[in-house]
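Please open the model in your viewer and keep the sequence panel beside it, so that each selection can be followed along the chain as the tour moves from one stop to the next.

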Amino acid sequence: MIELFYANTPNGRKISIMLEEIESPYKVTLVKLKEGEQFNTKFRAISPFSKIPVITDHENNISIFESGAILIYLAEKSGNFYDQNNRIFINQWLIAQVAHVGPLLGQHHQFHHYNSGKSKFGEERYFKIAKSIYKDLDERLEKSEFLAGNEYTIADIATFPWIARHPIHDIGIKNFSHLSRWYKNISNRKAVIKGYDCLNTGEKIPKI
Ligand SMILES: N[C@@H](CCC(=O)N[C@@H](CS)C(=O)NCC(=O)O)C(=O)O
């Protein structure tokens, strides 16, 4: 049994989607971020930066933090979505997500959506970067069905929940036809729909 320490954010959803995709039994333990539960001593023992997601694999008695490391662990354990022959390309797109796409879209959320009006510089800077991320992903997906090639991989699983925040990005995903095609395709996967709403609160994936 895998225990997923979770909040319904893009980083949390990467892992609930993966667990559904690999059909692993799992239990969700909600970490209430707004209440500061991520700073509890017990949680910090398995998450040194006080962030979700974290998993504990009770079968192997191991806890793992950082979404990219968790995705690799689950992919290797299940033998899915991480073709060893394509490992270098999958790693590239996965690491680009955790190091670039996620953190920078995250700044765009902060300046543009949650705290607009507080910093013109921050708003403009991250809006511009967010637009280039859409353009760069669109260009990649013009050449390739999925991010790391012809197969759906953990790089797509990592990136999808961030693009699922498109309504608050205000960039107009519709104008990016290849990114839209990729998004719609992944949105229709049963495991993605289930993993997106792993708390069963009726949350739906935003449509284009
Ligand atoms: N690099 C980390 C980022 C994780 C992260 O930023 N998690 C956020 C939620 S999406 C969090 O736990 N925030 C709580 C806080 O910052 O206090 C990963 O990819 O797992």
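Are α4 and α6 roughly parallel or roughly antiparallel to each other? The model you are looking at is a predicted one, and the answer can be read by selecting helix α4 (residues 87-114) together with helix α6 (residues 154-163), whose axes come within 8 Å and cross at roughly 10°. Angles under 35 degrees count as roughly parallel, and α4 and α6 are therefore roughly parallel to each other.

**The contact of α4 with α6**

With both helices still selected, show the side chains where they meet. From α4, the residues to display are Ile90, Trp93, Leu94, Gln97, Val101, Gly102, Leu105, Gly106 and His109, and they meet Ile154, Ala155, Ala158, Thr159, Trp162 and Ile163 of α6. If you colour this contact by residue class, you will find ten nonpolar and five polar residues, with no charged residue taking part.

Now centre the view on Ile90, which lies in helix α4. Ile90 has a relative accessibility of 0%, and therefore counts as buried. Apart from neighbours within four places in sequence, the residues in contact with Ile90 are Phe81, Tyr82, Asp83, Ala148, Thr153, Ile154 and Ala155. To move on to the next region, draw a distance from the C-alpha atom of Ile90 to that of Glu20, which should read 20 Å for two residues that stand 70 apart along the chain.

**Around the end of α1**

Glu20 belongs to helix α1 (residues 10-21), and the residue to select with it is Lys194 in helix α9 (residues 190-196), a partner 174 residues away along the chain. The two form a salt bridge in which the closest N and O atoms are 3.6 Å apart. Their surroundings can be compared by switching on the surface: Glu20 counts as buried at 16% relative accessibility, whereas Lys194, at 52%, counts as exposed.

Glu21 is also placed in helix α1, and at 12% relative accessibility this residue counts as buried. Which residues does Glu21 touch, not counting residues up to four places away in sequence? Select Phe81, Tyr152, Ile157, Arg189, Ala191 and Val192 to see them.

**The sheet and the helices on it**

Switch to a cartoon view and bring the strands forward. Four strands form an open sheet of mixed pairing, and their order across the sheet is β2-β1-β3-β4. At the edges are β2 and β4 (62-65), each of which pairs on one side only, and from one strand to the next the twist averages 20°.

For a detail of the pairing, select strand β3 (residues 54-57) with β4, which pair in the antiparallel sense over four bridges. Within this pair, Ile55 has Ile64 in β4 as its bridge partner. Helix α1 packs on the sheet and touches β1, β2 and β3, its direction making about 155° with that of β1. Helix α3 (residues 67-78) likewise packs on the sheet, but touches β1, β3 and β4, and its direction makes about 135° with that of β4.

**More salt bridges**

Side chains of opposite charge can pair when their charged atoms come close. Across the whole structure, a search finds nine salt bridges, and a few more of them are worth selecting in turn.

Start with Lys27 and Glu3, whose closest N and O atoms are 3.8 Å apart in a salt bridge. This pair links strand β2 (residues 26-30), where Lys27 lies, to strand β1 (residues 2-6), where Glu3 lies, across 24 residues of the chain. Lys27 counts as partly exposed, at 43% relative accessibility, while Glu3 is buried, with a relative accessible area of 11%.

How many residues apart are Lys120 and Glu124 in helix α5 (residues 120-143)? They are four residues apart, about one turn of the helix, and their salt bridge brings the closest N and O atoms to 3.0 Å. Here Lys120 is exposed, with a relative accessible area of 62%, and Glu124 is partly exposed, with a relative accessible area of 46%.

For the last stop, select Asp57, Glu59 and Lys77 together, since these residues are linked in a network of salt bridges.

Definitions and conventions
Residues numbered from 1 in each chain as written. Predicted model: local features only at pLDDT ≥ 70, side-chain atom pairs only at ≥ 80, totals over all residues. Heavy atoms only, no water. Axes fitted to C-alpha atoms, helices over the stretch in contact; angles between N-to-C directions. Helix = DSSP H or I, 4+ residues; strand = E, 2+ residues; numbered from the N terminus. Parallel < 35°, antiparallel > 145°, perpendicular 65-115°, else oblique. Contact = heavy atoms within 4.5 Å. Nonpolar A, V, L, I, M, F, W, Y, C, P; charged D, E, K, R; others polar. Salt bridge = Lys/Arg side-chain N within 4 Å of Asp/Glu carboxyl O. Buried < 20%, exposed > 50% of the residue type's maximum accessible area, 1.4 Å probe, protein only. Pairing = 2+ DSSP bridges.
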